[in-house]
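Subject: Structure handover

Hello,

Here is the structure I said I would pass on. My notes on it follow below.

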Amino acid sequence: MTRAFLVVMDSVGIGGAPDAAEFFNDGTPDTGANTVLHIAEACAAGRAEDGRTGPLHMPHLDRLGLGAAVKLACGTPAPGLDATPQGLWGAATEISHGKDTPSGHWELSGRPVPWEWHYFPVTVPAFPEAVTRAVCDLAGTDGILGNCHGSGTVMLDRFGAEHLKTGWPICYTSADSVFQIAAHEEVFGLDRLLALCEGLAPMLHEMRVGRVIARPFLGSPGAFRRTPNRRDYAIAPPQPILTDWAQAAGRHVLAIGKIGDILSMTGIDEVRKGDDATLMAHLSDAIDSQPEGSLTFANFVEFDSLWGHRRDVSGYARALEWFDAGIGRLLPKLRDGDLICLTADHGNDPTWIGTDHTRERVPVLMAGRGAGTLGQIAFADVAAMIADHLGIPSSGPGRSRP
């Protein structure tokens, strides 16, 4: 029996999406956005020197095929990523009409999103009065703060002090299909925030809003900081996905990071959370200890949450190099018959206009399934290949590759 480790590098896109012109950041189409390529170009040009220096250094992922995947996806080589691939590599294209986390993860799990998500208008107020009333009723407050589009850290700077005075939750959205609620863990209460989001989620899901996200924070004005206690209340996939296939076959399914939240715990036996450094330790332990036949599904979010949305090129480059070094330490620990697949769910080009995700193809890098090129594949093919490796039945539109 064999094991599989599916690892999503949140937002590590490689450009080339054929429909990028249909997706926008601040009114500008995502045509030409390319997270890895543009970071590599900035590093090579000396424009990403904060906390690091020189060309982008990712030898382990590059040997698996990262540089080759970038060139395949967009036609342009990434400076410093020119290794001869020793793994099985390719570039995956999404068909779901969304550049958000649930769309990418559902499709990587074998099920493209079968509907159009609901997005809130870029107006103030952004939310229907019925939604605002529901938040107030559940929170026991006379109003909400925010009620607009915005970045989470900006929302804390704008409304955090008023939140401490009034106790009103800070509610905001983005270009994704999300409703986010920020509240102070001590003043508002973490349990109260989670109960608020859980109670609101069914109403938003009925509207086809993909996620209600609890965004707890601590600190005081000028020094607010978000905590690791984020919780996503997501719509459950409407049909069985990779985790269901594995669980139905009697396999143990471990979720690392926010996978359990993204998939609404569908087909998941065990969850381990934390910041990305903690998640790397969890992944290392999973390689050491997960049983034969198991599926481990991980998401490393800080590329996206800390650096992509903030358009911090140096920070994103540091995170990529840290991740590469961590994976380099884990690859020799894999057992004979194990498969690890490294991929992404969308892009978040830190050199791009705006603060939202970018529509991009993603790399698919595999160790434990031989060497060679997968070519251009579909997101759903990833799930089919994982299922094929585990020897379990699969369904959905994806197909396995050599």
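**Salt bridges**

The count of salt bridges comes to 16. Please keep in mind that this is a predicted model.

One of the salt bridges joins Arg-211 and Asp-176, whose closest N and O atoms are 3.9 Å apart. Arg-211 belongs to strand S8 (residues 211–218), while Asp-176 sits in the loop between strand S6 (170–173) and strand S7 (178–184), so this pair ties together parts that are 35 residues apart in sequence. Arg-211 and Asp-176 are both buried.

Another salt bridge is formed by the side chains of Arg-230 and Asp-232, at 2.7 Å from N to O. Here too Arg-230 and Asp-232 are buried. These two pairs are not separate entries: Asp-176, Arg-211, Arg-230 and Asp-232 are linked in a network of salt bridges.

A further salt bridge is the one between the side chains of Arg-272 and Glu-270, with an N to O distance of 3.1 Å. Are its two partners buried or partly exposed? Arg-272 has a relative accessible area of 16%, and it counts as buried because that value is under the 20% cut-off. Glu-270, at 25% relative accessibility, counts as partly exposed.

**The annotated binding site**

An unreviewed UniProt entry places the feature "binding site" at Asp-10, Asp-345 and His-346. These residues are spread over 337 residues of sequence, yet they cluster in space, with a largest C-alpha distance of 7.1 Å.

Where does Asp-10 lie? Asp-10 is in the loop between strand S1 (4–9) and strand S2 (24–25). With 0% relative accessibility, Asp-10 counts as buried. Beyond its neighbours within four places in sequence, Asp-10 is in contact with a set of residues that includes Lys-258, Asn-299, Asp-304 and Tyr-316, along with the other two annotated residues, Asp-345 and His-346.

Asp-345 is also in a loop, the one between strand S14 (339–343) and strand S15 (362–367). Its relative accessibility is 0%, and Asp-345 counts as buried. Leaving out residues up to four places away in sequence, Asp-345 touches Val-8, Met-9, Asp-10 and Ser-11, among others. Thr-101 and His-105 are on the contact list of Asp-345, and both are also among the contacts of Asp-10.

For Ser-11 there is a distance to add: its backbone nitrogen lies 3.0 Å from a polar atom of the Asp-345 side chain.

Regards

Note on methods: Residues numbered from 1 in each chain as written. Predicted model: local features only at pLDDT ≥ 70, side-chain atom pairs only at ≥ 80, totals over all residues. Heavy atoms only, no water. UniProt positions renumbered as here; feature names shortened; annotations may be inferred. Helix = DSSP H or I, 4+ residues; strand = E, 2+ residues; numbered from the N terminus. Buried < 20%, exposed > 50% of the residue type's maximum accessible area, 1.4 Å probe, protein only. Contact = heavy atoms within 4.5 Å. Polar contact = N/O pair within 3.5 Å; in protein donor to acceptor, adjacent residues only side chain to side chain. Salt bridge = Lys/Arg side-chain N within 4 Å of Asp/Glu carboxyl O.
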